[in-house]
Structures are given as structure tokens and as C-alpha cells.
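Student: I'm new to this structure and would like a close look at a single part of it. Could you walk me through the salt bridges?

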Amino acid sequence: MRRDRIGDFFVAEAWSDSLARLPAAFHADRDELLGMMRKDAILYESPTQPILSRDGSTARWMLNSLQVTLTPRGAELAGRCVLELLKRFEGRQIATLGLTAVPILNSVIMQSGGRYHGLLVRQQRKKHGSLKLIEGPIDKDEPTIVIDDSISSGTSMQLACDTLRAAGIRVEGGIFLVRFGWHGGFARMQEQGYHVEAVTDIWSDFIYHMDDEPKPIGNPTKIFPQIRWSKARAPEKLHPAKLARIAMREYLTSGKLPRPPQALDSDYPAGGGAWVSLRSLQDIHVRHARDGYWNFPGEKAWPASEAVLWAALKTAETLPKNKALALLDDSAIAVTFFTAMEQCPVGALDNDRYGIVVRSLERPGWMGGALPRMPGILNEWDQYQHARTTNAGLISFEPHAILRHDVIKAAEPGVSWQPTGVPFAAAHPLTRADRGGMVAARARDLAVARLFGSELCTAPLRDDLLPSDTDQLYVSVYLGGRLRGCFGAVLRRLDEDVATLVEAALGDTRFEAPADVTSPEAVSVTVALLYDRLELGLHSIEDIIRRIRYGEHALMVEQKKRFALYLPSVASRYSLYPVAFVEELLRKAAITKPPYRWTRFACAAWLADQAGERPVEGSFAPEAAPAGLPALLGRLAPLAIAYLLRHQRPDGTFFTRYEPLLDQLYESVDLPRLAHAAWVLARASGTTDESAGKAALRTMKFLLDAVEETADGLWLSYADNDRSVAENALLVLALCKISDQKLRKRWVPRLAATLWSRIDAHGRVHTHADQAAASDAYQDYFPGQVLLALATAAQAGLTSLDDVKFTRAFRYYRHRFRARPHFGQVSWLAQACLACWRIKPDPCFADLAFDVADWILGFQQQKSGAFLNDHQSDTPGYTTALYLEGLAAAACLARLTGNQERHRDYIDSCRRGLQFLDGLIIQSRDASLLPNPAMAIGGLRRSARASEICIDFVQHYLAALIGIREAAEAG
């Protein structure tokens with residue numbers, strides 16, 4: 001099954017696209033069947049033929065498919081069409097509820113050559129005779145496909161599925177002769193993970209072909225009011241905003257539009273549409289009106305001069321009639337042009353450059369857009385979610401297309417327009433080394449001179465060094481990596497202010513004074529320069545979050561005489577999420593209730609230490625990553641191993657979380673993560689570091705001491721841990737990597753036996769000993785671990801391969817991924833496919849791994865190498881390491897199967913992903929900001945906006961490195 005990287009991140013493609021890929025014979029049969037149904041299967045209301053809906057209301061017509069399927073030719077055609085769709089399913093058992101689809105069911109069975117057999121599901125159990133609820137030769141081991149003539153609300157389909165499932169029968173999905181649109185029963189079945197297909201659609205194949213029924217509106221933004229054109233043509237060579245003003249004034253006074261000029265004052269691209277905005281002259285942040293249109297690929301595009309008129313017309317229509325002209329006079333105007341739109345995956349978005357439109361592929365007219373660099377939208381994932389969910393109102397799994405476009409904004413000359421909603425133009429001067437860097441260097445020089453009585457090495461800073469919009473300066477001094485103090489002030493005399501702030505920071509009584517510093521090399525300084533001050537006014541906590549770029553803007557709150565300001569670095573220093581960031585700021589200001597008055601600032605931060613000056617992102621100052629894969633592997637693997645060894649406790653457990661800027665350790669025992677650590681360290685021992693093997697054995701000993709034998713097999717048990725297959729599977733993987741044959745043979749067969757016992761007749765893995773703890777979310781993670789462990793143990797000769805169970809489980813989770821792919825499946829399912837292929841080189845294993853890899857590649861950012869996802873709330877971040885594990889497995893399979901192009905692409909994606917992670921991995925370059933570098937170096941931070949390190953973040957990036965190294969060999 002082809003999976004398109006473009007579109008929804010749950011459902012690969014729209015129904016119509018899927019149908020188009022079927023063979024010509026299917027379409028010939030479908031066309032003939034459709035002609036019969038349009039002619040004979042529509043039953044119209046008449047005085048002698050009433051039609052009632054389920055709710056008792058009357059209807060003008062209804063679908064009556066029996067008029068066609070009870071004829072020889074109609075039954076034959078319906079059966080042939082359904083048989084073609086059945087090729088997309090694995091099951092050979094078909095079923096239907098009630099009578100309407102019985103002719104279709106019989107036709108399929110008769111024409112299938114013995115491949116399919118059928119079941120009839122009753123709505124109620126028979127009250128006499130056999131008392132059966134399901135008729136026919138039931139095979140509980142065979143996946144079942146429900147056949148019906150139509151699906152509308154999905155009530156009948158749901159009843160059939162529930163009845164079959166209660167009888168111990170696995171329902172794979174359903175096929176329908178007609179679906180009543182996507183948003184209804186069809187979507188509900190997809191949401192539950194069923195594979196659903198339909199031969200025809202009631203809207204596109206029936207209603208849109210009826211004379212007295214509504215037609216689809218594919219692009220509602222291009223619905224314009226009726227207008228009259230003026231005889232006069234607008235003046236030539238006007239600025240777009242001036243043309244928009246003339247057009248709106250004429251329309252509001254005469255009801256006419258001037259004819260478009262031949263040209264504007266410059267060439268403006270309008271292939272993707274145009275919008276007109278009116279904002280108050282007194283307060284540019286108050287918008288009076290905004291409207292326009294999008295132009296999609298394949299639609300007629302107007303020249304820019306005409307595009308302005310249509311956008312101005314729509315905007316004028318939104319103004320209140322009684323004061324439209326007054327508002328026009330009170331407004332500044334800007335026209336925004338969009339270049340021709342191009343379809344793209346999530347990873348090709350760039351919030352610094354592109355605007356986007358997300359458009360449903362199933363519901364005509366459902367769409368939403370987002371401009372670049374809007375307040376509250378921090379990155380590409382936020383922009384995508386805002387367009388898809390907030391503005392388009394799409395369901396999470398609704399198939400859709402993403403279209404990106406460049407944005408050109410033309411504001412009226414002389415008007416200062418808001419800086420958001422437009423592409424990033426040029427870096428602010430404060431981000432340059434000869435501005436912000438010089439201030440940081442001077443501040444450190446002053447601190448060193450003050451502490452050691454040395455001569456100053458830098459010249460005094462000129463008052464005109466910084467741009468005029470620089471508002472405040474904050475200086476933080478670090479001694480031996482510990483924050484000594486931080487002070488800020490509004491700038492008046494630059495060099496004097498820097499000296500004053502350095503002195504204040506060195507005497508800051510809010511922080512514990514560090515031990516005596518004996519060397520200037522231990523002194524580092526960061527400066528935060530605030531600019532582009534914007535008074536936001538009164539807002540709630542929820543509203544203010546949408547008006548700042550969390551982690552990038554500084555934020556100040558005021559209430560009467562109380563106020564406080566947080567630099568963006570506070571969010572990353574304390575790993576605060578947006579709400580907590582704002583709440584902590586209020587707490588600092590001692591403001592306990594509204595109203596809250598807010599001011600935001602842009603911020604440029606610099607670090608000066610013994611290595612020189614460099615810009616700060618969050619609370620760290622990363623440097624460029626190595627360009628080549630060998631250099632990345634050689635640099636990062638030792639860091640990860642060393643971090644894990646330092647954070648391992650004597651009993652084999654680990655400090656599970658570390659706050660590197662605060663030097664705070666946290667401990668707990670999480671059995672699956674602990675077992676994963678044992679496996680990764682055991683793998684590292686075999687490839688890079690023998691000390692890792694000893695650490696792995698310590699952890700394995702702790703885990704084996706936690707094993708308990710129960711009536712259901714062996715389980716690991718520890719306080720506050722639910723017993724699950726995850727720790728069993730990961731412990732099996734760890735044991736399979738060690739050389740102690742006695743230990744392996746003692747434990748692996750018994751642990752594997754428990755895993756085998758958790759696979760039911762349909763291939764579903766029961767993830768927990770206590771089913772009350774087994775939510776469906778675990779199905780995206782734990783089963784892949786189980787398949788990986790069993791395949792690895794079988795390859796090592798430590799368990800017998802139950803081919804029937806193994807095949808059923810693989811097919812079950814292949815179906816789950818293809819029906820509803822999820823980020824949690826990527827790492828484990830792809831690794832399981834590699835392990836399966838090694839014991840049985842069947843192409844189906846490689847095909848699924850490639851499906852998984854191709855799907856996740858659609859979310860890899862082209863500009864950073866990171867993976868955007870809904871797996872991590874502050875994406876992108878550490879989860880990139882998880883997806884690299886899956887990509888590495890797919891790359892290895894590509895090499896083993898001779899697929900050189902895939903191998904090259906996957907390895908290159910791994911390289912770019914590692915470059916992104918390099919910026920989040922704490923290294924020696926960060927030592928000047930760390931109170932305890934020995935404990936921090938090698939840790940992987942959660943994201944650029946957080947400093948916390950969880951032990952499993954490091955485990956996963958080490959596992960990715962090991963897998964990538966293996967995949968790259970002989971590449």
C-alpha cells in the first residue's frame with residue numbers, strides 16, 4: 001500500500017486518491033454499476049411512497065441499492081468491485097448485518113473461487129431453533145471484513161463489529177457499496193483503527209450529479225458578492241494599499257468597483273491569492289477588518305492588480321455598514337500577496353518564511369491558514385497545528401493537504417505595521433558579534449578585573465553602539481559555572497550601565513556565593529539585550545501565552561506598583577512549560593489575581609567565556625555540529641556512555657532525571673526504562689566500550705532480582721510499577737547481548753515463554769499482567785518491543801519460533817500502523833521488522849519498515865534535521881532520537897536488501913537528525929555555564945527551551961548511534 005508523505009499524519013491519502021490507483025477493469029465495472037444505481041437505486045418520495053429518516057423526519061429520496069443488487073448484472077458488478085477492494089485486506093472471512101448486503105455477500109463468495117466464506121450477523125439473537133446470533137462457518141482465527149451496502153452514521157457497522165468481537169472474532173475493517181461522505185460513520189471506523197473502503201460516495205457520485213441538489217464549494221474564499229464594475233479604470237502604477245483604499249471607498253459609496261489597472265507600482269506575485277487588512281491608525285495592533293482569498297493549484301489566478309480589487313471587495317463587505325467609511329478613514333491598510341501554492345509535507349514547513357494553508361481532502365471547503373512568525377506560534381509544528389486544528393477545524397486523523405507559499409506584505413507608505421505575520425527579513429543588529437558580542441566581552445572583562453584586580457583589556461563601549469530600539473540590558477555572572485547574580489536596567493549610558501550591572505551581579509545576595517574562584521578562566525558572563533518593546537495591555541494567563549513566543553520573548557507583568565520581568569532563559573533554566581512560565585512570573589511579582597498588564601520584549605543573548613563570545617539559545621550556546629556522519633558518531637557515542645556510567649547507582653539503577661543548570665538529581669525506579677538501559681549498554685559493550693558491559697550486568701542483576709514467578713509466567717515486580725511485557729521484552733534483549741551463556745539459558749526461554757503467552761489468537765499483544773492498566777496507548781509501543789525480543793531470542797536459539805502466533809502478531813500490528821500510524825510505533829516497529837527479517841528474510845518485513853521510515857521522514861525538518869511530532873509537547877527535541885532508531889533499522893534493511901537509494905536517503909536523514917541532537921547534547925563547550933560539568937556532559941536536553949535531562953533521553957540517542965553505525969557499515 002503506497003503511503004504518501006504529503007497530507008495528514010494519521011491517514012495517508014484521501015478516499016478518491018486511493019480509489020484512483022485501482023486497475024482499469026475495476027473502474028469499468030464501477031462506472032457501469034454506478035450508472036445502474038443512479039438510474040434505479042434512488043427511490044424518490046411520492047404520495048404513495050413516503051420516505052422516513054431514522055429520526056422520523058421525511059426525506060425527498062433515499063438510496064435503495066436492492067433495486068440493483070437483486071438483479072443478475074447488478075449483483076455481479078457489485079461483487080466484482082468489492083472483490084477488488086478485498087485484495088487490500090488480509091482476512092478471508094466476510095460478514096454482513098441484516099439483509100441489505102446479502103446479495104453483495106453472496107456475489108463475492110460465488111465469484112471468489114473459494115477464497116472467501118461468509119457470516120450473517122443478526123441484529124437480535126434468534127428466539128427459537130439454534131438461538132444463534134451469527135450464522136455461518138465461523139473461523140475465529142481469520143480476520144473478518146464486514147460488507148454493507150452503505151455506511152452513514154456507522155450504527156449498523158458498529159453493531160456488527162461489536163457483535164463479532166464479542167464472539168471472539170477480529171474485525172479487520174469494512175467495505176461499502178456507498179459511503180455517505182467521510183465525516184460520519186466512515187471516519188468513526190477509521191478513528192477506531194478499522195480499514196474501511198467504499199466503491200462509491202453519495203456526494204461525489206450521486207448528489208453532485210442531481211439537478212436539484214447542492215454542488216460542492218471547493219474554495220469558499222473565492223465566493224464574492226455580486227458587483228457592478230465602474231466604467232472608469234483605477235489609476236495606473238498605484239501602491240497596492242492605495243488601490244485597495246480607492247476600491248473600498250468606491251464600493252462603499254457607489255456599490256461599484258473600479259476596473260483593474262494594467263499595472264501596480266511594482267511586480268507583485270499573487271498566484272496564491274491576496275488579502276487586505278485594515279488596522280487602527282491610533283493603535284496598529286487593533287484590526288478593524290481583514291479578508292481576501294486563496295488561490296489553489298489548478299485554479300485561475302488573477303494578476304496582482306485585479307487580485308487587490310477582489311480582496312478589497314471582500315474586506316469592505318466585513319465592515320459594519322453604519323460606520324464603514326469612518327473606519328476606512330481611521331485605518332491604515334496593508335495588502336498581503338501570496339505566491340503560487342505548492343503542496344509539501346510537514347517537514348518542509350518554515351515558519352520564518354512560509355505561510356501555509358491546510359485543506360481537507362475529504363470535506364470540500366474545510367480549510368485554514370497560518371502566516372509566518374505569528375505571536376504564540378513558536379515553530380513549524382505550532383503553525384501547522386494552528387492552521388489544521390484551530391482555523392480549519394479538521395479532525396486529528398482527517399486526510400488533508402498542506403500548501404505553503406511565500407508572503408509579501410505591502411503596507412501603506414509611511415505606516416509602521418506590526419512586525420509579525422511576515423517572513424523573517426534580517427537579523428537584528430544585536431545578534432551580531434560587533435554589537436551584542438562586544439557588550440558580553442566588555443561585561444566579562446569588567447567582572448574579571450573586579451575579581452582579580454587586573455587591567456581591562458577592552459575599550460569602553462560607545463553609547464551609540466546599540467540600535468535605538470534597545471530598551472534594557474541584563475547581565476548574569478557565572479563563577480565556576482554557578483550563577484553568582486543577575487541584574488538588569490533600562491539603558492542610559494551604555495558602558496557605565498554595564499559596569500554598574502556587573503558590580504550588582506557580583507554582589508547579588510539572592511544567590512549563594514560560590515567558592516573562591518582562583519582563575520579568570522572560571523568567569524563567564526551572559527548578557528540579555530531587550531528590544532522591540534511592545535505594550536500588550538490587559539490579558540489573562542491563557543491569552544498572554546498566545547501573544548508571546550515562549551522561550552524567545554522576555555515578558556514583564558505589572559499591577560499598580562508591583563512588577564516583575566522574566567528573561568526567556570528562565571523557561572529553559574527551570575524547564576518550565578508556557579503556563580508555568582507565566583504563573584511563576586506572577587508569583588515573582590507577588591500578583592495574586594487579575595488584572596494583569598503585560599509587556600513583551602524581543603531578546604538577543606550572548607555568552608562570553610574563556611573561549612570567546614557566541615550567541616545564546618535558551619540557556620546554552622551551541623556550536624555548529626560536525627558535517628560528516630563518522631565525526632558525529634565518534635563524538636557523541638563516548639559522551640552518551642560516559643553519562644550513563646556516571647549516573648548509574650551502585651545497585652544498578654540510575655538517577656532518572658538531572659537538572660544540569662541547578663545541579664539537582666532525581667531518582668526513581670522505572671522497570672521498562674531500566675531494562676532498556678541494560679540492553680543499550682550491553683549493545684555498546686559489544687561495539688565501543690567494555691565498561692558499558694559491566695554496567696549492563698549490574699542493571700540486569702537488579703532486574704533479575706525483581707523477577708517473580710506467577711501462574712501467568714515470569715514478571716518483574718517493583719513498587720509503583722505495573723507489571724508489563726515491556727520490561728520482560730527489554731530484559732530478554734539485554735540478556736541476548738551478553739556472553740554469559742549460563743545466565744542467558746536460565747532466563748531467556750522462561751521470559752520469552754511469558755511473552756509468547758501474551759499474544760492472543762488474533763495476534764494482539766496483551767501488554768499488562770493486570771488488564772486494568774493496559775490502555776490502548778501502550779499498543780503503539782510495547783508490541784513492537786515484544787516482536788523484537790522474540791525474534792532476537794529465536795535468532796539466538798533461546799526460544800522456539802511459534803510461526804503461527806508470530807505471523808498473526810506481525811499482521812495485526814502492520815494493520816494497526818497502516819490504518820492509524822502513530823509516532824510511538826516508529827522506533828519499535830521498524831526495529832522489530834529488522835529482527836524479523838534476520839530470522840526469516842521475507843520482503844513483507846522490509847516493506848513495513850520502509851513504510852514506517854517513509855512516513856516519519858515526512859516530519860523531518862528540512863532546515864534543522866529535527867523531527868516535528870505530537871509525541872513531545874515542546875517539539876522538536878529529544879524524541880528525534882527515537883525516530884532515528886527506527887530510521888537506522890530501516891537503513892540497515894535497505895542495505896541488506898540491496899536498496900541502495902533508500903539506504904543512502906535514510907543514512908543522510910540520520911546524519912541530519914544527529915546534527916540536530918548535537919545542539920541539545922551538553923558538551924565541554926557548555927562547561928562555563930554548568931555548576932557540575934562532570935555530571936552534565938553527555939546529557940541530552942529535552943528541547944532547546946528546556947534544560948532537564950531524563951536518563952532515557954540519553955539511552956535512546958545512544959541506541960540510535962549504535963543502530964546508525966551498524967546501518968552505515970559497508971554502506
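Tutor: Happy to; here is a walk through the salt bridges, with a little about the whole protein first.

Please keep in mind that this is a predicted model. The protein has 30 helices and 29 strands. Its radius of gyration is 33 Å, close to the 30 Å that the globule rule gives for 971 residues, so the protein is as compact as a globular protein of that length. Of these 971 residues, 57% are buried.

Now to the charges. Side chains of opposite charge can pair when their charged atoms come close. The protein carries 113 positive and 112 negative charges, and the mean positions of the two sets are 2 Å apart. In total, the structure holds 61 salt bridges.

Let's start with glutamate 90 and arginine 814, which form a salt bridge whose closest N and O atoms are 2.4 Å apart. Glutamate 90 sits in the loop between α4 (72-86) and β3 (93-97), while arginine 814 belongs to helix α24 (residues 803-819), so this pair ties together parts that are 724 residues apart in sequence. Are the two partners buried or exposed? Glutamate 90 counts as partly exposed because its relative accessibility is 22%. Arginine 814, at 13%, counts as buried, since the cut-off for buried is under 20%.

Next, look at glutamate 948 and arginine 657, joined by a salt bridge with 3.2 Å between the closest N and O atoms. Here glutamate 948 lies in the loop between α29 (933-936) and β29 (949-950), and arginine 657 is in strand β25 (residues 655-659), so the pair links parts that are 291 residues apart in sequence. In this bridge, glutamate 948 is buried, at 11% relative accessibility, whereas arginine 657 is partly exposed, at 24%.

A further pair is arginine 462 and aspartate 464, whose side chains meet in a salt bridge at 2.9 Å, N to O. Arginine 462 has 49% relative accessibility and counts as partly exposed. Aspartate 464 reaches 55% and counts as exposed, because exposed means over 50%.

Finally, salt bridges can also be found here as a network: Asp29, Glu32, Arg73, Glu76 and Arg80 are linked in this way.

To set these pairs in the wider fold, consider the contacts in the protein with a separation of 6 or more: residues 24 or more positions apart account for 72% of them.

Methods: Residues are numbered from 1 along each chain as its sequence is written. This is a predicted model: local features need pLDDT of at least 70, side-chain atom pairs count only at pLDDT 80 or more; totals for chains, interfaces and linings use all residues. Side-chain values use heavy atoms; hydrogens and water are left out. A salt bridge is a side-chain nitrogen of Lys or Arg within 4 Å of a carboxyl oxygen of Asp or Glu. Helices (H or I, at least four residues) and strands (E, at least two) are DSSP runs, numbered from the N terminus. Buried means under 20% relative accessible area, exposed over 50%, partly exposed in between (1.4 Å probe, protein chains only). The radius of gyration is taken over C-alpha atoms; the globule rule is 2.2 Å times the number of residues to the power 0.38. Contact means heavy atoms within 4.5 Å. Lys and Arg count as positive and Asp and Glu as negative; His and the chain ends are not counted. The place of a charge is taken as NZ of Lys, CZ of Arg, CG of Asp or CD of Glu.
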